[in-house]
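Hi everyone, thanks for making time for this. Please have a look at what is on the screen, and I'll talk you through it.

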Amino acid sequence: LGAMQRYGKRLGWTPGVNKRSAAELALAFAIITLRQVIAGNREILQGSWRQLTGGQLTGRTVGIIGCGHIGQEFIRLLRPFNCPILVNDIKEYKTFYNEFNIKAVKLEELLCSSDVVSLHVPLDESTRNLLTGKQLNLLKKTAVLINVARGGLVDESALKEALRSGGLSAAAFDVFAQEPPHDKELLNLPNFLATPHIGGSAEEAILEMGRAAIKN
């Protein structure tokens with residue numbers, strides 16, 4: 001930005017062009033983890049056949065950490081599921097909160113009270129390792145954790161231990177501190193789903209990003 005100012009160059013930027021793509025992936029992750037789709041698929045591939053009992057998303061409390069463009073879009077998608085929604089953000093979006101009957105709470109309360117926790121914040125020094133073992137221990141044992149935001153927000157070693165020990169029911173991550181991730185133990189856990197940073201990789205989102213660049 002400093003160089004652009006020195007040389008008199010202008011920056012064009014359109015926020016939120018891939019928000020629907022990332023929000024839909026978060027919604028998919030929520031349903032997949034709650035219904036034990038990951039474990040069921042792995043068992044079938046190993047020759048087993050048993051009906052696993054999961055839970056519906058409908059009516060469950062969803063905690064949104066970060067209520068910017070993608071967080072808000074995820075909340076819009078949740079509307080038909082009648083989920084009580086808790087939000088933690090450094091900013092206040094009072095009009096949006098009132099429209100969707102959202103309760104803004106501290107991070108600790110969100111973690112303790114939510115059945116689904118979804119991360120939608122950028123990665124900087126204030127959010128790096130936002131969720132360490134201490135915070136993960138606050139989650140319900142039946143809760144699921146979703147990250148389609150940025151790698152580095154969650155201590156992945158602590159996450160692995162929580163998933164192994166039963167301190168957390170399941171997790172689904174699209175992003176990792178190191179990409180591609182190398183922790184095979186984490187990736188092979190039956191209650192963990194990993195995807196290769198595809199949050200914005202929908203045809204429609206890619207087209208919209210290209211159009212936004214041309215327009216700018």
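I'll start with the whole chain, then go to the strands, a helix and two residues.

First, a reminder that this is a predicted model. The chain has 10 helices and 7 strands. Its radius of gyration is 18 Å, close to the 17 Å that the globule rule gives for 216 residues, so the chain is as compact as a globular protein of that length. If you like box dimensions, the C-alpha trace spans about 65 × 40 × 30 Å along its principal axes. Of the 216 residues, 43% are buried. For those of you who think in contact maps: among contacts with a separation of 6 or more, 62% are between residues 24 or more positions apart. The accessible surface is about 12500 Å², and carbon and sulfur atoms hold 51% of that.

Now let's zoom in on strand E6, residues 170-173. Which strands does E6 pair with? With strand E5, residues 144-147, the pairing is parallel and runs over 4 bridges. With E7, E6 is again paired in the parallel sense, here over 3 bridges. To help you find these on the screen, Ile146 stands opposite Ala172 of E6, and on the E7 side Phe192 is the bridge partner of Ala171.

What about the faces of E6? In a regular strand, side chains alternate between the two faces of the sheet. In E6, Ala170 and Ala172 lie on one side, Ala171 and Phe173 on the other, and all four are buried, so both faces are covered.

Next, the connection from E5 to E6. Helix H8, residues 156-165, sits between them in the chain, and together E5, H8 and E6 make a right-handed β-α-β unit. At the start of H8, a side-chain oxygen of Asp155 comes to within 3.0 Å of the backbone nitrogen of Ser157. Just after the helix, Gly166 has a positive phi of about 85 degrees.

Which residues of H8 are buried? They are Glu156, Ala158, Leu159, Lys160, Ala162 and Leu163. An α-helix has 3.6 residues a turn, so residues three or four places apart point the same way. The buried residues of H8 pack against helix H7 (133-136), E5, E6, helix H9 (184-187) and E7.

You may have noticed a lysine in that list. Why does Lys160 count as buried? Because its relative accessibility is 13%, and the cut-off for buried is under 20%. Its side chain makes a polar contact of 2.9 Å with the side chain of Glu185. Leaving out residues up to four places away in sequence, Lys160 touches Asp183, Glu185, Leu186 and Leu189.

My last stop is Thr195, in the loop between strand E7 (192-194) and helix H10 (203-215). Is Thr195 buried or exposed? With a relative accessible area of 15%, Thr195 is buried, because that value falls under the 20% cut-off. The side chains of Thr195 and Asp174 are joined by a polar contact of 2.7 Å. With the same sequence neighbours left out, Thr195 touches Leu25, Phe29, Phe173, Asp174 and Phe176. Phe173 we have already met, as one of the buried residues of E6.

So, two residues to take away: Lys160, buried and in polar contact with Glu185, and Thr195, buried and in polar contact with Asp174. Thanks for listening!

Definitions and conventions: Residues are numbered from 1 along each chain as its sequence is written. This is a predicted model: local features need pLDDT of at least 70, side-chain atom pairs count only at pLDDT 80 or more; totals for chains, interfaces and linings use all residues. Side-chain values use heavy atoms; hydrogens and water are left out. Helices (H or I, at least four residues) and strands (E, at least two) are DSSP runs, numbered from the N terminus. Buried means under 20% relative accessible area, exposed over 50%, partly exposed in between (1.4 Å probe, protein chains only). A polar contact is a pair of N or O atoms within 3.5 Å; within protein, one must be able to donate a hydrogen and the other to accept it, and residues adjacent in sequence count only if both atoms are side-chain atoms. Contact means heavy atoms within 4.5 Å. Two strands pair if DSSP finds at least two bridges between them. A crossover is right-handed if, with the strands pointing away from the viewer, the path from the first strand over the helix to the second runs clockwise. The radius of gyration is taken over C-alpha atoms; the globule rule is 2.2 Å times the number of residues to the power 0.38. Accessible areas come from the Shrake-Rupley method with a 1.4 Å probe; for residues, only the protein chains shown count as cover.
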